[in-house]
Amino acid sequence: MSGRSAPDIVAGRRPVKSRPGVLGRLVKRPLALLGLFVIVVVVVSAGLAPWLTAYGPDEQLFDGLTLQGAPLPPNGQFWLGTDLLGRDLLTRILYGARTSLVIGVVANGVALLIGTLIGVIAGYYRGWIGSLLMRFTDLMMAFPALLLAICLAAIFEPSLWIVAMVIAMVNWVQTARVIYTQTSSLTEREFIDAERTLGASNARILLRHILPHLLPTIIVWGTLGISTTVLLEATLSYLGVGVQPPTPSWGNIIFENQTYFQAAPWLVFFPGAAILALALAFNLVGDALRDILDPTQRGRS
Amino acid sequence: MNVSAGMDVKANPDVAASAAAGPILAVSNLAVSVRTDDGEREVVSGLSFELERGETLCIAGESGSGKSMTSLSIMRLLPRPGARISAGAVHFGGKDLATLDERSMQAIRGNRIAMIFQEPMTSLNPVLSIGRQLIEAIETHTDLSRRDARQRAVEALKAVRIPEAEARLKQYPHELSGGQRQRVMIAMAIALAPDILIADEPTTALDVTVQGEVLELLRDLQREHGTSIILITHDMGVVAEMADRVIVMRNGRMVEEGTVEEIFHAPAQRYTRELLAAVPKMGDGSARGDVEPVGSISAIAAVNDLHVRFDITGGFLGRVTHRVHAVEGVSFNIPASKTLALVGESGCGKSTTAKAIAGLVPFTGSIAVNGRDLAGLSGDARKAVRRDVQMIFQDPYASLDPRMRVGDLVAEPMLIHGIGSKAERGERVAALFERVGLEPGQMELYPHEFSGGQRQRICIARALALRPKLIIADESVSALDVSVQAKVLDLLKELQEEFGIAYLFISHDMAVVENISDRVAVMYLGQIVETGTRDQIFGDPRHLYTRRLIEAVPVPDPARRRGNFTRLVHEIPSVTRRVGDEPQKLRLEDVGDGHLVAAGTGMVG
C-alpha cells in the first residue's frame with residue numbers, strides 16, 4: 001500500500017479548451033440563428049415603428065380606400081394593403097408588434113414565473129404547503145380561463161398592462177402542474193440527498209440543483225405560451241375587454257377583419273403570419289437553448 | 001417436474017442432426033459496430049467461439065468489454081439504430097442468425113434461445129400478473145391450449161422452486177422479492193425448454209444468499225434438461241462456481257479462452273492474471289495488521305439505541321395502520337481512524353442507519369458525532385456537524401448533479417460552509433483531484449464524461465473537501481468493476497492513514513468487508529445480530545446468519561466449488577408490521593473480548 005494508487009484511466013479524455021459562450025454556440029446553429037434574426041427584426045421594427053413608416057397607425061388615409069370604399073390589396077404604396085378604414089396595414093402591424101411583444105413576452109414571462117415558483121415550491125416542500133398550493137392550482141384550472149379573464153378585465157379599467165396581468169393570471173396553471181411533477185421526482189434523486197449531506201440549504205438546492213434541471217421544461221412551456229397568449233389577447237380584444245381600439249395588436253387586427261376574410265384575405269393573412277413567425281422564432285431559439293444549456297447532451301448531437 | 005416432457009412437441013430435425021455433429025452454437029469472426037460522433041466504432045471484433053450441448057460457457061470481463069453486446073447480437077437484440085452486426089456469422093441449427101430475417105428470429109427467441117437479464121424488475125411487465133406473462137410466452141411459441149399452457153407455467157414455477165406456484169400466477173411482479181422475480185424470469189426462460197439459455201449478469205442485482213440459490217437453480221436445470229448456458233458476468237467467483245469453459249474479454253476482443261481450471265490455475269495472459277488478482281478473496285484481510293481492542297481509542301461516532309420507523313397510513317381516515325421498522329435499537333461506536341463495516345442483505349436497515357447518521361431521515365435514539373449529539377441540534381449547529389460527517393453513495397453517477405462541472409461539485413461543500421476564497425477553493429479542488437488520482441485539468445468536465453471509477457473518485461474528493469472525521473460509504477464500491485474496485489479500496493485505505501478518517505463502510509459483499517474493515521456489525525431485520533472485530537466475525541462467526549452470509553460468497557477457485565448452496569427454504573420476513581405489533585428486541589451477549597452475539601435461536605457454539 002505504498003505510494004498512491006494509479007488512476008483507472010490514464011490522462012483525461014481530451015485536452016480542456018475554453019468553450020464558446022451560450023451566444024457563441026447559439027449562432028453556430030443555422031435554425032437558431034434564423035429564429036434569433038426574426039426576433040431581432042420584430043423587436044427593432046416595433047421600437048422604430050414611427051421611423052419606418054410614413055403613416056400613423058390610426059391615420060385613415062384618403063387614398064387608402066377604393067372609390068367604392070373597399071380596402072386596397074397590397075400594392076406599391078401600401079405594401080401590405082389597407083384595412084376597412086383605409087389605414088395602412090404595414091403600419092398597424094409594426095405598431096401592433098409592440099402590444100403583441102408585451103403580451104407574448106411579458107405576460108407570458110410572468111405566467112411562467114408564477115407557474116414555476118408555485119410548482120417548484122409545492123414539489124420540493126410537499127406536505128401541507130404543497131397540497132395547499134396544488135389544490136389552489138386545481139381550482140384555477142377548473143375555472144374557465146376566458147370567464148376569469150373577462151371578470152378581471154371588467155373590474156379594472158382595460159389597458160395593455162391590465163390585459164397582460166390578466167393573461168398572466170390565467171396562464172400559469174399548466175406550467176405549475178408540469179413543474180410540480182418534475183420537481184417532486186427530482187427531489188427524490190440521489191444527488192439531492194448528496195447535497196443535503198453536505199449541509200446545503202434549501203435555497204441552494206432549489207436554485208443551483210433543481211432549477212437548472214427544469215430549464216428545458218420551462219423553455220418549452222415558455223415558447224409554446226407565446227402564440228397562446230398572443231391569441232388570448234386577441235380573443236379578449238374581440239370581446240371588448242382587451243386592448244382598446246384603435247390601438248393595434250396583431251390579435252385584434254385579425255379579429256377586426258376576420259369577417260372580410262374572403263373579400264380581403266391579406267388583412268388576416270399578414271398579421272397571422274406575423275404571429276406564426278414570432279412563435280416559430282421563439283421555438284427555434286428555445287429548442288437550441290435547451291440543447292446548449294444541457295451539458296449532458298454535449299458531444300452526442 | 002415435467003417441463004422436459006414438452007420438448008418433443010417442438011423437436012426440430014435441424015437441431016437433432018447438428019447436435020450429433022458438433023457444437024450447438026458457433027460464433028465465427030463476429031464484429032459489432034456502434035455509431036458514434038466520429039463514425040462507426042467496433043465494440044466487438046473478431047470474436048469466435050463454440051458452445052457445446054449441455055455446456056456452461058462463461059464470458060467474463062469488465063464493463064465495456066463487449067460481453068453484453070455479444071449476447072445481444074446472438075439474440076439479434078442490439079439497440080437500434082445505433083448498433084449492428086458488421087461482420088461474422090452466428091451458426092445455430094443450420095442457420096446463420098446474423099443474417100436471418102426478423103420473423104424467423106422471433107420464432108427462435110424465447111423458444112430456442114432464451115435470455116435472462118440483470119434486473120428482474122425491469123424485465124417483467126409490472127402491470128401484468130406473472131401468470132399471464134408466463135402463459136403468453138408459452139402460447140406464442142407453442143400450439144398448446146390455454147389450459148395446457150397454464151399447466152406448463154405452473155410446472156415451470158415449481159421447477160424454479162417457487163412455493164405455492166398455483167397461487168403465485170395471480171401475483172404481480174412488485175409483490176415478489178428480487179430473488180423470486182429472477183426465478184420467475186428463469187421459469188419463463190425454461191418453460192419452453194430452450195436449447196440455449198443466455199444469462200446476462202443474472203445474479204448481480206441480488207443478495208449473496210439469493211445469488212447462491214439462483215446459481216444452484218441454473219445448475220440443476222442444466223443437469224435435468226441438458227440446456228447449454230452462456231453466462232455473462234464480471235464476478236470471477238461466479239465464474240469459478242459455474243463455468244465449464246471461460247472466455248475472458250477486454251475491449252471487444254477475446255483475451256483468453258480455456259477450461260475453467262486453465263483460466264484460474266494457469267492463466268496465460270497478463271490481463272487475466274490481473275483480473276484474478278483484483279478479486280477480493282475471503283481470508284485475505286490479515287494484511288491489515290492487528291486491531292486494538294475497543295475502548296482503548298476514543299469513538300468518533302457513537303450510536304445508541306437508534307430507531308427509524310416509517311409510518312404507513314391506510315383506511316379512509318388516513319390513520320397509521322402499519323409501520324416499517326427499518327432500524328430497531330441499533331447501537332455501535334466508530335473509533336477514530338478505524339473502519340466499522342455494516343453488513344447485511346438488502347432491506348436489513350443498513351442504508352437507513354447510514355442515512356440517519358447523515359441526517360437524511362428522522363430518527364429516535366441518540367447519534368453523537370465528535371461528542372456532539374445530533375438529536376437536539378438546530379440549524380447552524382447541525383450544519384457544523386455536517387462538516388464532520390460526509391457520505392459517499394453507491395451510484396456515483398446518481399449522486400453527482402449531471403448539470404454541474406465536476407470542479408464546481410467538489411468545491412461546493414467548501415462554498416456551502418464558507419471556507420476560503422474562490423482562488424483558494426480552486427487550489428484545494430486541484431489538490432484533491434490529484435490526491436484521488438484525477439487530473440486537475442479535468443475539473444472543467446461534466447460527470448457523464450467520466451468512467452464509473454473516476455466518478456466515484458470525484459465523490460471521494462467531494463467528501464474529503466471538508467476534512468471530515470467520518471465518511472459513510474454506502475455500498476460505494478459495489479457498482480464498480482473488480483479492478484477499479486480494488487484501486488478505489490486502496491485509495492480509501494491510503495486516505496484513512498493520511499488523514500485519520502473513520503469509515504462507516506456499508507456493504508453486502510463479505511469479501512470486500514474482510515479486506516477493509518477493523519470492526520464488523522452484522523444486521524438482520526433492522527437489528528444487529530453479531531458484532532466484533534474483523535477477526536472475531538470472520539474467524540469465529542457465532543450467529544447462524546453471519547455464517548450463512550460468509551458461506552454464500554462464491555470462492556474464485558474452481559477447485560473449491562461447493563457441492564450445494566444452503567437453500568433458503570423460506571423468504572426473509574418483512575419488517576413492515578401492524579401498529580402495536582412490535583418486533584422482539586434481540587439481546588446481545590458477550591462471548592469474549594467484546595464479541596457480541598444475539599442470544600437465542602440463531603446463536604451457535
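This section describes the folds of chains A and B, the contact between them, and selected local features in a predicted model.

Chain A is built from helices, with eleven helices and zero strands in its secondary structure. Read along the sequence, the order of elements is α-α-α-α-α-α-α-α-α-α-α. The C-alpha trace of chain A extends over about 100 × 50 × 30 Å along its principal axes. The radius of gyration of chain A is 25 Å, whereas a compact globule of 301 residues would have a value near 19 Å. Of these 301 residues, 39% count as buried. When contacts in chain A between residues at least 6 apart in sequence are considered, 69% of them join residues at least 24 apart.

Helix α7 of chain A covers residues 160-187 and contains 28 residues. At 1.5 Å a residue, this helix should span 40 Å, and the distance of 39 Å between its end C-alpha atoms therefore agrees with expectation. A bend of about 35 degrees is found in α7(A) at W172(A).

Chain B has both kinds of element, with 21 helices and 23 strands. Its C-alpha atoms fill a box of roughly 75 × 60 × 50 Å, taken along the principal axes. The radius of gyration of chain B is 26 Å, which agrees with the value near 25 Å for a compact globule of 605 residues. Of the 605 residues of chain B, 49% count as buried. Among contacts in chain B with a separation of 6 or more, 71% are between residues 24 or more positions apart.

Strand β3 of chain B, residues 56-60, is mostly covered, and five of its five residues are buried. The covering applies to both faces of β3(B): T56(B), C58(B) and A60(B) lie on one side, L57(B) and I59(B) lie on the other, and all are buried. Two parallel partners of this strand were identified. With strand β8 of chain B, residues 228-233, β3(B) pairs in the parallel sense over five bridges. In this pairing L57(B) stands opposite I230(B) of β8(B). With strand β9 of chain B, residues 245-250, β3(B) is joined by four bridges, and these strands also run parallel. Here I59(B) stands opposite I247(B) of β9(B).

A similar description can be given for strand β16 of chain B, residues 389-392. V389(B) and M391(B) point one way from this strand, Q390(B) and I392(B) point the other way, and all are buried. Four bridges connect β16(B) in parallel to strand β17 of chain B, residues 470-474. Within β17(B), I472(B) is the bridge partner of M391(B).The contact between the chains involves 27 residues of chain A and 39 residues of chain B. On the side of chain A that touches chain B, helices α8 (190-197) and α9 (202-238) each supply at least two residues. The most is given by α8(A), with six residues. By class, this side of chain A has eleven nonpolar, eight polar and eight charged residues.

One residue in contact with chain B is H213(A), placed in helix α9 of chain A. Leaving aside neighbours within four places in sequence, H213(A) is in contact with L186(A) and R403(B). H213(A) and L186(A) are 27 residues apart along the chain, and their C-alpha atoms are separated by 8.2 Å. H213(A) counts as partly exposed because it has 19 C-beta neighbours inside 10 Å, and 20 or more would be required for a residue to be buried.

Backbone geometry was examined at two positions in chain B, D305(B) and S337(B). Most residues other than glycine have a negative phi. D305(B), which is not a glycine, has a positive phi of about 50 degrees. This residue is in strand β11 of chain B, residues 299-314. D305(B) is exposed, since 12 other C-beta atoms lie within 10 Å, and a residue with 12 or fewer falls in that class. S337(B), likewise a residue other than glycine, has a positive phi near 45 degrees. S337(B) is found in the loop between β12 (319-335) and β13 (339-343) of chain B. With 17 C-beta neighbours inside 10 Å, S337(B) counts as partly exposed.

Methods: Residues are numbered from 1 along each chain as its sequence is written. Chains are lettered from A and ligands numbered from 1 in the order in which they are written. This is a predicted model: local features need pLDDT of at least 70, side-chain atom pairs count only at pLDDT 80 or more; totals for chains, interfaces and linings use all residues. Two residues are in contact if their C-beta atoms, placed from the backbone, lie within 7 Å. Ala, Val, Leu, Ile, Met, Phe, Trp, Tyr, Cys and Pro count as nonpolar, Asp, Glu, Lys and Arg as charged, and the others, Gly among them, as polar. The expected span of a helix is 1.5 Å times one less than its number of residues. The bend at a residue is the angle between axes fitted to the seven residues ending there and the seven starting there. The radius of gyration is taken over C-alpha atoms; the globule rule is 2.2 Å times the number of residues to the power 0.38. Two strands pair if DSSP finds at least two bridges between them.
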